[in-house]
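Here's a quick tour for anyone about to set up calculations on this structure. Have a look at it first, and then we'll walk through the parts one by one.

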Amino acid sequence: MKIAIEELAGCSGCTIAVLDLHEMILDLVEKADIVYSPVIMDVKEPPEGIDIAFVTGAIRNTENQERLNLLRKRAKKIVAFGTCACYGGVSGLSMLSSNAELFDYVYRGVETAHPDGTVPKDVPPFLYRAFAVGDMTKIDYYITGCPPKEALLKQIIPALIAGDTLELSRKSVCAECDRTMGPVENWSMKRRYEGIPDREHCLLGQGYLCLGSVTFGRCAAACPKNNVPCHGCNGPSLDILREPCRDIYNMMVRRISDLTDKPQKEVEKELYDVAHTMYAFTIGSLIMEDKENSKIRDLIKERSG
Ligand code: SF4
Ligand code: SF4
Ligand code: SF4
């Protein structure tokens, strides 16, 4: 069994999540050879005959696209690994700026830019937008998470290598959360830094924007269990993926309206920075952009001009 781990437009956190399996890596390498992984070994090209390629990161430039196409030719199975690969992830937020602004910021605006303003000549050009890998090629499996959590990988990776099937939860983060709904009185939206949430009761009921109801689970509700609202890093819940008229934004507005008895129009006024609060992990996904009620099209147009 030959395994590859590719890095496209991402942060390498997904490969580090594999390394975070610690001693379980020793069991893995007894059954499979890691033949290509730019983060952990010095091999420049994916070889022929890969059995499973884990692709991390989104597609943002022509090099990402070429490398994905090459892997598709050389690997029997491709796994979109992490939310950047599955839905564009945080790399998709680059679409809130124009390509020229991005280029200027990265190569001229940051402290580490060359002091005389020299820009390298071999920078691969941006595509006109970010893409999830599934928007570009056939994908065999999807593993979401930013990055996917250790307990989940400990189940999935050995099964993939052995060719076994697994029954995994298909529920949302709320289904994995141990909080109960407390009294909802004088509800108003709070920012995360305002106050300290009560540990027993639902964060949304307390006014914190928790996306648990619209987010795919399999993380054991890691954030709400640590008193932090879910910000949607596992991507959309299955009902949102399946139903064309369901979108992260409109389902959250509806949920808050039902909870608080406020009209939906009033709830909408309380929401702030919709791109970063609702679509931080999915703005680069065509599946999410194409939904009837999606705000993504407006957000991209508004910000990038
Ligand atoms: S999904 Fe998260 S951890 Fe993985 S590459 Fe993207 S930003 Fe990094
Ligand atoms: S909205 Fe958040 S805090 Fe409330 S039940 Fe769902 S995951 Fe838990
Ligand atoms: S609770 Fe939400 S933000 Fe936290 S790990 Fe799970 S999906 Fe990601």
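What follows covers the domains, the core, the ligand shells and a few backbone oddities.

One thing up front: this is a predicted model.

**Domains and how they meet**

The domain assignment splits the chain into domain 1 (2-162) and domain 2 (173-272). Taken over C-alpha atoms, their centres sit 29 Å apart. Where they meet, 9 residues of domain 1 are in contact with 8 residues of domain 2. On the domain 1 side, the elements giving two or more residues are α4 (83-87) and α6 (150-162). Of these, α4 gives the most, with 3 residues. By class, that side has 5 nonpolar, 3 polar and 1 charged residues.

There's also a record to go with this. An unreviewed UniProt entry carries the annotation "domain: NADH:ubiquinone oxidoreductase-like 20kDa subunit" over residues 11-157. Over that stretch the chain is 35% helix and 20% strand, and the end C-alpha atoms are 21 Å apart.

**The core**

Which residues have the most contacts inside the largest nonpolar core? They are Ala53, Val55, Ala58, Ala85 and Met252, in a core of 72 residues. Helix α10 (residues 248-260) gives the most to this core, with 6 residues. The core doesn't stop at a domain boundary, either: at least three of its residues come from each of domain 1 (2-162) and domain 2 (173-272).

**Three ligand shells**

Now for the ligands. Here is how the shells divide by class.

| Shell | Nonpolar | Polar | Charged |
|---|---|---|---|
| Ligand 1 | 6 residues | 7 residues | no residues |
| Ligand 2 | 10 residues | 2 residues | 1 residue |
| Ligand 3 | 7 residues | 4 residues | no residues |

Ligand 1 is surrounded by 13 residues, and the closest are Gly10, Gly13, Gly82, Cys84 and Cys146. Helices α1 and α4 each supply at least two residues of that shell. Recall that α4 also gives the most to the side of domain 1 that touches domain 2.

Around ligand 2 there are 13 residues, and Cys174, Cys177, Cys202, Cys210 and Gly212 come nearest.

The shell of ligand 3 can be listed in full: Val173, Thr215, Cys219, Ala221, Ala222, Cys223, Cys230, His231, Gly232, Cys233 and Asn234.

**Two buried residues to click on**

Start with Pro224, which is found in helix α8. Is Pro224 buried or exposed? Pro224 has 25 other C-beta atoms within 10 Å, so it counts as buried, the cut-off being 20 or more. Leaving aside residues up to four places away in sequence, Pro224 touches Cys177, Arg179, Leu203, Cys210, Gly212, Pro229 and Cys230. Among these, Cys177, Cys210 and Gly212 are also some of the residues that come nearest to ligand 2, while Cys230 belongs to the shell around ligand 3. The C-alpha atoms of Pro224 and Cys174 are separated by 9.1 Å, although the two are 50 residues apart along the chain.

Leu209 sits in the loop between α7 (173-176) and α8. With 21 C-beta neighbours inside 10 Å, Leu209 is buried. Leu209 touches Met189, Pro229 and Thr277, again not counting residues up to four places away in sequence. The C-alpha atoms of Leu209 and Pro229 are 6.5 Å apart, with their positions 20 residues apart along the chain.

**Backbone oddities**

Most residues other than glycine have a negative phi, and most peptide bonds are trans. A few spots here go the other way.

- Cys146 and Pro147 are joined by a cis peptide bond, with omega about -10°. Pro147 lies in the loop between β7 (141-143) and α6, and Cys146 is one of the closest residues to ligand 1.
- Ser12 has a positive phi, near 75°. Ser12 is in the loop between β1 (2-7) and α1 (13-19). With 16 C-beta neighbours inside 10 Å, Ser12 counts as partly exposed.
- Asn227 isn't a glycine, yet its phi is positive at about 65°. Look for Asn227 in the loop between α8 (222-225) and α9 (238-242). Asn227 is partly exposed too, with 13 other C-beta atoms within 10 Å.

Terms used: Residues numbered from 1 in each chain as written. Chains lettered and ligands numbered in written order. Predicted model: local features only at pLDDT ≥ 70, side-chain atom pairs only at ≥ 80, totals over all residues. Near = placed C-beta within 6 Å. Nonpolar A, V, L, I, M, F, W, Y, C, P; charged D, E, K, R; others polar. Domains from an automatic or database assignment. Contact = placed C-beta atoms within 7 Å. Helix = DSSP H or I, 4+ residues; strand = E, 2+ residues; numbered from the N terminus. UniProt positions renumbered as here; feature names shortened; annotations may be inferred. Core = buried A, V, L, I, M, F, W, Y, C linked by C-beta atoms within 7 Å. Buried ≥ 20, exposed ≤ 12 C-beta atoms within 10 Å, placed from the backbone.
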